[in-house]
Structures are given as C-alpha cells and as structure tokens.
Amino acid sequence: MQQDQLITLLTNIAEDRKASELVLQDLRSISSICDYQFICSGSNSRHTRAISTAITKQLQQATGLSPLQVEGETEGRWIILDYGDFLVHVFQPEIRSHYDFDNLWVRD
C-alpha cells in the first residue's frame, strides 16, 4: 500500500470514529524518529480508546500492519500507536493543548 493510500485510510478510520482536529505532520526532513505523525483528539478516555482500537484493527485488516508498540491505552488520555515509519497520537483535548504537540515540530 502506498503512503498516500495509508494516510487516506488512517484519516477515514479516525473520521468514522468521530475523531476531531485531525493533523498529519510530515517529519521526514526534520526527524529521525519517524516519517509522519498523525494527531487527532477524542472527547474522553472511552472515545480515545475507541479511536485507537478502530485504527489498530482496521489497519491490521486492510494492510497487515500492527503497531510495534502501544502506550497510554489504559488511561486513554494520550494514546500512542507506533508503526515505525509513522506514529499515531490520540489525545484528549486538554492533554493535547498542554503538550502543544501540533506546534512541537514546527520550524519558523
């Protein structure tokens, strides 16, 4: 599956689960951690877990990809799905605002 198809699939899954504030950051030129990170928000811990679960299951079914690591699923405040080349962050709004992840990698 091509990178743009994967991004479209990921976006569609998040939108289907009513995730908000979807952001894709291309980090290829500024980070050795990953190529992309996808950021979205859920309204509460149940919602963030539902988004995370849907992404995990549907990406596995459609592409065979499974996360290398999952963090934060128990509390559901900030869930990280590590797929190696890309990271998925599912935040509750107050945690996302606190860490200001949307602007962390922005260069002036």
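This briefing covers the fold, the sheet, the core and a few individual residues of one protein chain. The model is predicted. The protein chain has four helices and five strands. From the N terminus on, these elements run α-β-β-α-β-β-β-α-α. The radius of gyration is 13 Å, close to the 13 Å that the globule rule gives for 108 residues, so the chain is as compact as a globular protein of that length.

**Overall dimensions and contacts**

- Along the principal axes, the C-alpha atoms fill a box of roughly 35 × 35 × 20 Å.
- Buried residues make up 36% of the 108 in the protein chain.
- Take the contacts in the chain with a separation of 6 or more: 53% of them join residues 24 or more positions apart.

**The sheet**

- Five strands form an open sheet, and the pairing is mixed.
- The strand order across the sheet is E1-E2-E5-E4-E3.
- Strand E1 (20–26) and strand E3 (69–71) are the edge strands, and each pairs on one side only.
- From one strand to the next, the twist averages 10 degrees.
- Strands of a sheet pair through backbone hydrogen bonds, either parallel or antiparallel.
- E1 and E2 pair in the antiparallel sense, over five bridges.
- Within this pairing, Ser-20 stands opposite Ser-41 in E2, and Val-23 stands opposite Ile-39 in E2.
- E2 and E5 pair in the parallel sense, over six bridges.
- Phe-38 has Val-88 as its bridge partner in E5.

**Helices on the sheet**

- Helix H1 packs on the sheet and touches E1, E2 and E5.
- The direction of H1 makes about 10 degrees with that of E2.
- Helix H2 lies across E2, E4 and E5.
- H2 runs at about 10 degrees to E4.

**Strand E2, covered on both faces**

- Six of the six residues of E2 are buried, so this strand is largely enclosed by the rest of the structure.
- In a regular strand the side chains alternate between the two faces of the sheet.
- One side of E2 carries Tyr-36, Phe-38 and Cys-40, all buried.
- The other side carries Gln-37, Ile-39 and Ser-41, also all buried.

**The largest nonpolar core**

- In soluble globular proteins, nonpolar side chains tend to be buried together.
- Here the largest nonpolar core has 19 residues.
- The residues with the most contacts inside this core are Leu-10, Ile-55, Leu-59, Tyr-83, Phe-86 and Val-88.
- At least two core residues come from each of helix H1 (3–16), strand E2 (36–41), helix H2 (45–63), strand E4 (78–82) and strand E5 (86–91).
- H1 gives the largest share of the core, five residues.
- Leu-59 shows how distant parts of the sequence meet: leaving aside neighbours within four places, its contacts include Leu-6, Leu-9, Leu-10 and Ile-13.
- Leu-59 is also in contact with Ala-54, Gly-64, Leu-65, Tyr-83 and Phe-86.

**Aromatic residues**

- The whole structure holds three aromatic pairs.
- Tyr-83 and Phe-86 form a stacked pair, 4.8 Å centre to centre, with 10 degrees between the planes.
- Tyr-83 counts as buried because its relative accessibility is 8%, under the 20% cut-off.
- Phe-86 also counts as buried, at 7% relative accessibility.
- Trp-78, Phe-91 and Tyr-99 form one aromatic cluster.

**Positive phi values**

- Most residues other than glycine have a negative phi.
- Lys-18 has a positive phi, near 65 degrees, and is not a glycine.
- Lys-18 lies in the loop between H1 and E1.
- Lys-18 counts as exposed, because its relative accessibility is 63% and the cut-off is over 50%.
- Glu-21 is another residue other than glycine with a positive phi, near 50 degrees.
- Glu-21 has its place in strand E1, which is one of the edge strands.

Terms used: Residues numbered from 1 in each chain as written. Predicted model: local features only at pLDDT ≥ 70, side-chain atom pairs only at ≥ 80, totals over all residues. Heavy atoms only, no water. Core = buried A, V, L, I, M, F, W, Y, C linked by side-chain atoms within 4.5 Å. Buried < 20%, exposed > 50% of the residue type's maximum accessible area, 1.4 Å probe, protein only. Contact = heavy atoms within 4.5 Å. Pairing = 2+ DSSP bridges. Axes fitted to C-alpha atoms, helices over the stretch in contact; angles between N-to-C directions. Phe/Tyr/Trp six-rings, centres within 6.5 Å; stacked < 30°, edge-to-face > 60°. Rg over C-alpha atoms; globule rule 2.2 N^0.38 Å.
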